[in-house]
Amino acid sequence: MTDKPRKPVDWDAAEEPAGGGTAAGSRPLVGQGESVTFKDFFRRLVQFDPHDWQARLALDDGCRDRLIRIPTGFGKTAGVTSAWLWNRVHQKNDAWPRRLVLCLPMRTLVEQTERSVADWIERAGLDRHEQVHVLLGGLSPSDWHLEPEREAVIIGTQDMLLSRALNRGYGSGRARWPMEHALLNVDCLWVMDEIQLMDVGLATSAQLQGFATRDERDGKIPRPRRTWWMSATLQREWLRRGPDLGDVDELPIIRLEPPEKNGPLWTVAKTVRGERVPAANDDKAERWAEVVADAHDKAGRGLTLAIANTVKSAVALYKALEKRKTGVALPADVDLRLVHSRFRGAERRQWATEFLAREQCEPGRNRIIVATQVVEAGVDISATALVTELSPWASLVQRFGRCARYGGAGQIVVVDRRHTDESAKDITAKDAAERDEKRRDADRSTVMPYEPEELEAAADAIASLGAAGPAALEALEDERQDLLPRLYPYAPLHVLSRRELRDLFDTGPDLTGADIDISRFVREGDERDVTVWWWPIPAGESPDARLRPAHDALCRVPIGDARKWLVPGSGKTDDGESAAKEAGGGSRNALPRAWVWSYLDGEWERLDKRHVYPGQTILVDAGAGGYDVQVGFTGKPGKKIPVVAEHARAVQAADAADAADEQEELSESNRQYKTIATHGAEVAVEVQKIAKALALHGPEARVLELAGLVHDLGKAHPAFAGAIKDRNGIDPQTPLAKAPKGRWRGVRDMYDHSPLGKRPGFRHELASALALLELAWCARPDHPALQGGREELLDLTVGRELPGGEDRVDKAQGMIAELIDLDATGFNLVAYVVMCHHGKVRATLPMSPRDQDNPDRDGNLAIRGVRDGDLLPALVLADTEGRDFELPQVRLSLQPARLGLSPRYGPSWVERVLALRRYYGDYQLTWFEALLRVADVRASRIAEPRDSRLPDHLVEVESVPTTEDRDAKLRGWIDETLAAAAAEPEAAEAARASARNLKEPKPPRVSTKKGRRGARGGVA
């Protein structure tokens, strides 16, 4: 498809169609009584009239994959958000996906985008708190994943969003990965914003969309998935790096048409010139700071933006400018700020109100902002003067957009830090050839993280450029076609294949700690990060198991810097300082005490080098330093990091369950007990509602309903029954699914209290799925999902095992009759979603470490706490109409865990899952899985009506007392650690003062040092 120009929107025709009436597609605004056109709609949302391109996007036919190439300052975020709101929310067009996913390259864009989108959502009549969700590091307090039928906007960085789409969500509980994978690959419109900054993430987004498009064509996507790629410098060629995307030439593109290329935003006057300031002669950025100060002065001391390519360079420039605040070289009252990606949320949150917002750009501010690439895109500020380090052309164009952003005039200086011929003369070398080689090596180091060829091309373009407004930049591209291949190169190191995505389907924990690393598909090279947060941990203690970070506490740290800082023997820091060799807390030469969360153990585990990988969240003792509120992450010992109570929070029940293998908090209710029958019926009703809202009809809807009825059969197992320590007088033979908080045994010994003995790591959902297989075998061993069609092969290999005597069910009734009436695919789907309804047992059935440590007296091992031959007692279930039916006692068999055919059940569990994946596709299968999980969580919150199957005086108890409230204990622990941290400096100073007042002879130096260490609280 060629990029043909389109006619501008005829507003008069759009507002008043010929023949009277309202414009096509007009509909009352949500919450409004009158009919409106898109222009009215946009004006109410954004408070401005729309650009023509925004209208073309919203009024285009259908929701398709597309490209959007619009200059900086022309409202890209408002355009895509309003288009989705107009079609999906206002027009009720079900062909548009329910979720709008705004994927951004940098975290600094997230908060600003959230504020704007939340305002627009509210003006559209929706709930900003319920329908705008930001996915951040750490477990998110948002319940967006529990509302698959609701319109929502999901905002996050490419790290947070792409990792979730790849089924390995950074900062997300392992058991939640499949839910987020499903809901971010089905019924979603992805907007990849500022794609020139996304490196390999751009190719990954193209591949994910390509896979989804193919699945949709094969009938394996139940709801549409679309992607819009957006940038001021977008090149169609970039999308060819995703070979599975299809014909990139056919992707429609939205761009400014000739009539739109006018006005102050298009013709804004921005002068641009180059300045050579070799880093070799300016290692402390003092000459660079002089260039910035001069530009600031010539621009009338308004707002000057200075952009460096690395955090290290930005910090050096900031410090050099601080030194120049003498009142002559630089006004002493200049407001000097530093912005980069290595700050905590607590500091970043203040930026928007203090200086990084449109309203802070009025004349006379006398402010210099030193920043990295984080301000390249989306940050709504306008500088009179811009001093930027030479960078690749796409980045420079974005940086130019921060100068005179609202019109007027501005000046731009591009600082080239590479060697000049003059500076190269100082390079020590034996001859000219060696000097040239050393010069190239030095320049390569200087331009990192970019490639020298990228900067050379940008320098050539700058030499041809006299102005830097949108009109001038477009003219340059038109006149210098020869430069375009060099200005816009794109060659990602890793391209996601379909096979690699399929390998990510199984989310079970790797017992060796060697999970598949997806970081190469999210970001490249040094841009891979971990997330660090600080909290005061008393010497000799570990963090409370329920302690979690608030967003404001989190700081992104490059993985290499984190290793050098946190891991013993990891080498030197960027500044050449040797890493500490002695483990400990407050000493300046001690390694920080640090922890990571262990999914298998359900507690904070001391950090070692295997834990430091991209996407990991690391808790560091606040006494270890490593951070400065003025300059961000330092990785050096220093003052204790300031923390407040709001930087920590208690883990929520759903988060706790998803983040630990043995947690059962989703089985806790607030005050009520519930039977398996009642809870199953409630889940079935809830999944019916969800299916109806999503227009999911036919056999799959009935399969999900049936799965809801039986999903908790395994809770009748004695191991689960024994986990409830207080039944409030309810008959021990009554099978319970839910019990109130405070009535459960502790996590570490939860399943050690049954007549069957200890069953650590017990998973009731495994018992449920095994029970379904056994029930079907007892009633119909020749069912197509079991031995049916394989009899001859079974007879020739492992043999056939047929039910007899008390095992056989002669006349199937109730749920058993419905189960065996399903075809093989339907039966396997019921078993699969039942097995997966907590996300902890899914594609394979491996033993856990707790199983391996707990053999029976014959040496046999359980699988997830279930042993071969366990009896599941008979129990009564109910359908959605309240009719009861009885299930007989069944004996559980672990045969499905073995590879190959089973004499009792035929295909192994792995084979069943593979068959479902082939039939439905991975996206759709995990979507079904997610729907049942959502229904289960939502049904677990139902308080009324109370369970009529339980005695009325026993069904409900008082709320858990404070003495048994885990969160109350955590709050006390938080208060205690904060108080101890606050008192520690005072105690240390008192000890030092006491030592100075001693009349005794001065003690030996070693004794004094030990005494001071002790006053600081010691070394852990």
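Two residues are in contact when heavy atoms of one lie within 4.5 Å of heavy atoms of the other. The legends below use the term in this sense and describe a predicted model.

**Figure 1. Overview of the predicted chain.** The chain has 1020 residues, of which 57% count as buried. Its secondary structure comprises 34 helices and 33 strands. Among contacts with a sequence separation of 6 or more, 75% link residues that are 24 or more positions apart. The exposed surface of the chain amounts to about 41300 Å², and carbon and sulfur atoms supply 48% of that area.

**Figure 2. Close-up of glutamate 477 in helix α18.** Helix α18 spans residues 470-479 and includes glutamate 477. Glutamate 477 has a relative accessibility of 16% and therefore counts as buried, the cut-off being under 20%. Beyond the residues up to four places away in sequence, Glu477 touches Arg69, Trp393, Leu484 and Tyr488. Two of these contacts include polar pairs between side chains: one joins glutamate 477 to arginine 69 at 3.3 Å, and another joins glutamate 477 to tyrosine 488 at 2.4 Å.

**Figure 3. The largest nonpolar core, seen around Phe400.** The largest nonpolar core contains 280 residues, and Trp229, Trp393 and Phe400 are the members that touch the most others in it. Helix α26 (residues 764-779) provides the largest share of this core, with 12 residues. Outside a window of four places in sequence, phenylalanine 400 is in contact with Lys270, Val272, Leu386, Thr388, Trp393, Ile412, Val414, Ile462, Leu465, Ala468 and Leu473. Another core, of 16 residues, lies apart from the largest one and includes Trp533, Leu554, Trp604 and Ile974. As a general background to this view, nonpolar side chains in soluble globular proteins tend to be buried together.

**Figure 4. Close-up of threonine 72 and its contact with glutamine 398.** Threonine 72 is located in the loop that runs between β3 (66-69) and α4 (76-90). With a relative accessible area of 16%, threonine 72 is buried. Its contacts, apart from neighbours within four places in sequence, are with Ala232, Gln398, Gly401, Arg402 and Arg405. The contact with glutamine 398 includes a polar contact of 3.5 Å between the two side chains.

**Figure 5. Helix α3 and its buried residues.** Helix α3 covers residues 52-59, and seven of its eight residues are buried, so that the helix is mostly covered. The buried residues are Asp52, Trp53, Gln54, Ala55, Arg56, Leu57 and Ala58.

**Figure 6. The second largest cavity and its lining.** The model has 12 cavities of 30 Å³ or more. The second largest cavity has a volume of about 70 Å³. Its lining consists of His145, Leu146, Met179, Ala654, Asp658, Leu666, His837, His838, Arg933, Asp936 and Val937. Helices α22 (653-659) and α32 (922-940) are the elements that give two or more residues to this lining. Helix α32 gives the most to the lining, with three residues.

**Figure 7. Two cis peptide bonds that precede prolines.** The peptide bond from methionine 448 to proline 449 is cis, with an omega near 15°. Proline 449 is placed in the loop between α16 (432-447) and α17 (452-463). A cis bond is also present from glutamate 944 to proline 945, where omega is near 0°. Proline 945 belongs to the loop between α32 and α33 (966-996). Most peptide bonds are trans.

**Figure 8. Positive phi at asparagine 167 and at glutamate 194.** Asparagine 167, a residue other than glycine, has a positive phi near 75°. Asparagine 167 sits in the loop between α7 (158-165) and α8 (177-183), and its relative accessibility of 0% makes it buried. Glutamate 194 is not a glycine either, and its phi is positive at about 55°. The loop between β7 (188-193) and α9 (200-217) holds glutamate 194, which is buried with a relative accessible area of 3%. Most residues other than glycine have a negative phi.

Conventions. Residues numbered from 1 in each chain as written. Predicted model: local features only at pLDDT ≥ 70, side-chain atom pairs only at ≥ 80, totals over all residues. Heavy atoms only, no water. Core = buried A, V, L, I, M, F, W, Y, C linked by side-chain atoms within 4.5 Å. Buried < 20%, exposed > 50% of the residue type's maximum accessible area, 1.4 Å probe, protein only. Helix = DSSP H or I, 4+ residues; strand = E, 2+ residues; numbered from the N terminus. Polar contact = N/O pair within 3.5 Å; in protein donor to acceptor, adjacent residues only side chain to side chain. Areas by Shrake-Rupley, 256 points an atom, 1.4 Å probe, with all protein chains shown as cover. 1 Å grid on protein atoms, 1.4 Å probe; cavity = no way out; pocket = protein on both sides within 12 Å on 5 of 7 lines; lining within 4 Å. Points joined across faces, edges and corners; volume = space filled by probe spheres on them.
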